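Trainee: I would like to learn how to read a structure, one feature at a time. Could we begin with strands and the turns between them?

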Amino acid sequence: MTKSIKRIFGIDLGTTYSSIAYVDEYGKAVIVPNAENERVTPSVVFFDEDNIVVGEVAKESAKLYPNEVVSFIKRSMGEPNFLFEYNGEHYRPEEISAYILKKLAQDARQQLGEEVTDVVITCPAYFGINEREATRKAGEITGFNVRQIINEPTSAAIAYGSIDSTENRVVLVYDLGGGTFDVTMIAISKEAVEVICTGGDHNLGGKDWDDRIVAYLVERFQQETGTNEDILDDPDTWQDLQLSAEKAKKILSQRPKTPISITHGGQRVKLLLEREKFEELTEDLLDRTIDFTREMLQAAKEKGHDSFDEIILVGGATRMPQVSEHISKAFGITPKVFDPDEAVAKGAAIYGWKLALNDDLIRRISEKTKKNIDRIENITELIDRKEISAEAFREAAQELAADTGYTLPSVENALQRVINVTSKSFGIVAHNPHNEEIVFNLVLRNTGVPIKIRKNFYTAADNQRTVLIRIMESETNRIEIPLEHAMDIKTAVLHLPSDLPSDFPIEITFDLNEEGRLLIMAEETRDSQKVTVEVDTASVIEGEEFELAKLRSQRLVVH
Ligand code: AMP
């Protein structure tokens, strides 16, 4: 009988739709359909008294109960001021996202008869430090052991690379989802999936195409009925038009025209929307994605990468035929449409599966060599450094393959590394020689992660007990930037031992890990006295609020 490894699920927590996948006993990534037998679940949450309804029913309820329904919550991830109020209680984006995750997990448990405990969750490549942290927190509120947060394009590239990983190639992942656009250059080889450069806009996605249709419908309604009333002020009409627009957009991906009817205030207008008109209404949106792509290519060039082999399309909105056409025209290469709705969840599942295989391999190698290995970053290096023998590795891999029924190459491929870059620059507030406050960037965007930066800070007075460090995030590529070009994301307060003289060095380590989380440590190097760091951020749920959300999420039933 074959033994199985720990199952780690992959979750695509999307702006408009979410999905969950796992790797089956044949090593193939499969999507778990939801209770409604759909492969994707609308990321929409309906607060219905003591019930939380997520998915299609919530999406449809938005029309009747616009104030009780939350959509596009991902756009608010990491926003300090977003609070949804319902029945006198407040909900942060993390908690609302946790309900979506809970629905996915519940449905998967029902389908598979197995609890979802460990997960890999994806987020857009350009998510900053707080948005990533918030995504992780959403998973933790759900009760998951969040193994890693990985980037959506990387995930898509993993799914793509797992299909044919024999040859080395550089791909551009053009990902146009419901609310976000990103474009990423990734090198895929047998040894690694390496992100070279990334760019995008987190306020550009399929929804913007819908909005253009909505605006056009309003205009046509006004023309036909002779009114100049803004019919979108009526929430029912607004909701109706949003749904009709999205539907029309999808039909136009298949057909040259579609009928649409607009009903408002007892009047009805029927019209025919042609694909050509739709393309004309939205051409500038597509142009923006091309501009972002060129910008990213320029940044890649500056890093010494000036060519790519193929473009792959992911994200539901790349189904619009004009996307391929535009890209072909702009870059002289026909993009490949690759599993646009499912690639991200599947890639995350494959990544999770690799983590599980890795865990198992490490356990076996540790047992064989009687050495405590906590992770394998680079197996060749470990073998080269003679920390483990090639035989021990081969034997462990063979045993694992025999026990699980997975092929030996797939077990060996589990060691394929994923190398990421940071999509933002981060730095600290400091004074320049003119004594003006500026941001001094410690890490520039598109630098490979993990990365550790050490920096000395000096006490300003005798017996100083605290040092405050303001941590800032930005999208520029310069070392020194004005304060207003960056965003405050965290403050770190160092609690110092007493009796330190003025001008005393404290070494701070900023550790930007492989998933883009920032850990901060501080050390007083002379007498090795303890310095504690208290990190505070207003944009991520923490402390009591986090515990409360966790409790509430356990209590609430999600449908
Ligand atoms: P994603 O976030 O990747 O799930 O993408 C969702 C977006 O893709 C939404 O804006 C959908 O309206 C859009 N979408 C899904 N299917 C199609 C289609 N057939 N044609 C055009 N857009 C689509």
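Mentor: We begin with a definition, that two strands are said to pair if DSSP finds at least two bridges between them. Please keep in mind that this is a predicted model. Strand 20 and strand 21 form a hairpin with 5 residues between them, and Asn435 in that turn has a positive phi of about 65°.

Trainee: In which sense do strand 20 and strand 21 pair, and over how many bridges?

Mentor: In general, strands of a sheet pair through backbone hydrogen bonds, either parallel or antiparallel. Here strand 20 (residues 425-431) pairs with strand 21 in the antiparallel sense, over 6 bridges, and within that pairing Gly427 stands opposite Asn441 of strand 21. Strand 21 is also joined by 3 bridges to strand 25 (residues 480-482), again running antiparallel, with Val439 opposite Ile481 of strand 25.

Trainee: How many of the residues of strand 21 are buried?

Mentor: A residue counts as buried when its relative accessible area is under 20%. In strand 21 (residues 437-443), 5 of the 7 residues are buried, so this strand is largely enclosed by the rest of the structure.

Trainee: Which residue takes a positive phi in the hairpin of strand 15 and strand 16?

Mentor: That residue is Gly265, with a phi near 50°, in a hairpin that has 2 residues between its strands. Strand 15 (residues 257-264) and strand 16 (residues 267-274) pair in the antiparallel sense over 8 bridges, and Ile260 stands opposite Leu271 of strand 16.

Trainee: Which strands stand at the edges of the open sheet with the order 7-5-6-30?

Mentor: This sheet has 4 strands and mixed pairing. Its edges are strand 7 (69-70) and strand 30 (557-558), each of which has a single partner strand, so one side of each is left without a neighbour in the sheet. Strand 5 (residues 45-48) runs antiparallel to strand 7 and is joined to it by 2 bridges, with Val45 standing opposite Val70 of strand 7.

Trainee: Turning to helices, what span should helix 6 have, and how far apart are its end C-alpha atoms?

Mentor: An α-helix has 3.6 residues a turn, so residues three or four places apart point the same way. For the 18 residues of helix 6 (residues 235-252), a rise of 1.5 Å a residue gives an expected span of 26 Å, and the end C-alpha atoms are indeed 26 Å apart, which agrees. At the N-terminal end of helix 6, Asp234 acts as a cap, with a side-chain oxygen 2.9 Å from the backbone nitrogen of Asp236. The buried residues of helix 6 include Leu241, Ala245, Glu246, Ala248 and Lys249.

Trainee: Is Asp233 buried or exposed?

Mentor: Asp233 is found in the loop between helix 5 (206-225) and helix 6, and at 65% relative accessibility Asp233 counts as exposed.

Trainee: Which residues come nearest to the ligand?

Mentor: Of the 15 residues around the ligand, Glu246, Lys249, Ser253, Gly316 and Ala317 come nearest. To read the contacts, we look for pairs of N or O atoms within 3.5 Å. An oxygen atom of the ligand is 2.7 Å from an N or O atom in the side chain of Lys249, while a nitrogen atom of the ligand is 2.6 Å from an N or O atom in the side chain of Ser253. On its own the ligand has 500 Å² of accessible area, of which the protein covers 90%.

Methods:
Residues are numbered from 1 along each chain as its sequence is written. This is a predicted model: local features need pLDDT of at least 70, side-chain atom pairs count only at pLDDT 80 or more; totals for chains, interfaces and linings use all residues. Side-chain values use heavy atoms; hydrogens and water are left out. The expected span of a helix is 1.5 Å times one less than its number of residues. Buried means under 20% relative accessible area, exposed over 50%, partly exposed in between (1.4 Å probe, protein chains only). A polar contact is a pair of N or O atoms within 3.5 Å; within protein, one must be able to donate a hydrogen and the other to accept it, and residues adjacent in sequence count only if both atoms are side-chain atoms. A residue is near a molecule or strand if one of its heavy atoms lies within 4 Å of it. Accessible areas come from the Shrake-Rupley method with a 1.4 Å probe; for residues, only the protein chains shown count as cover.
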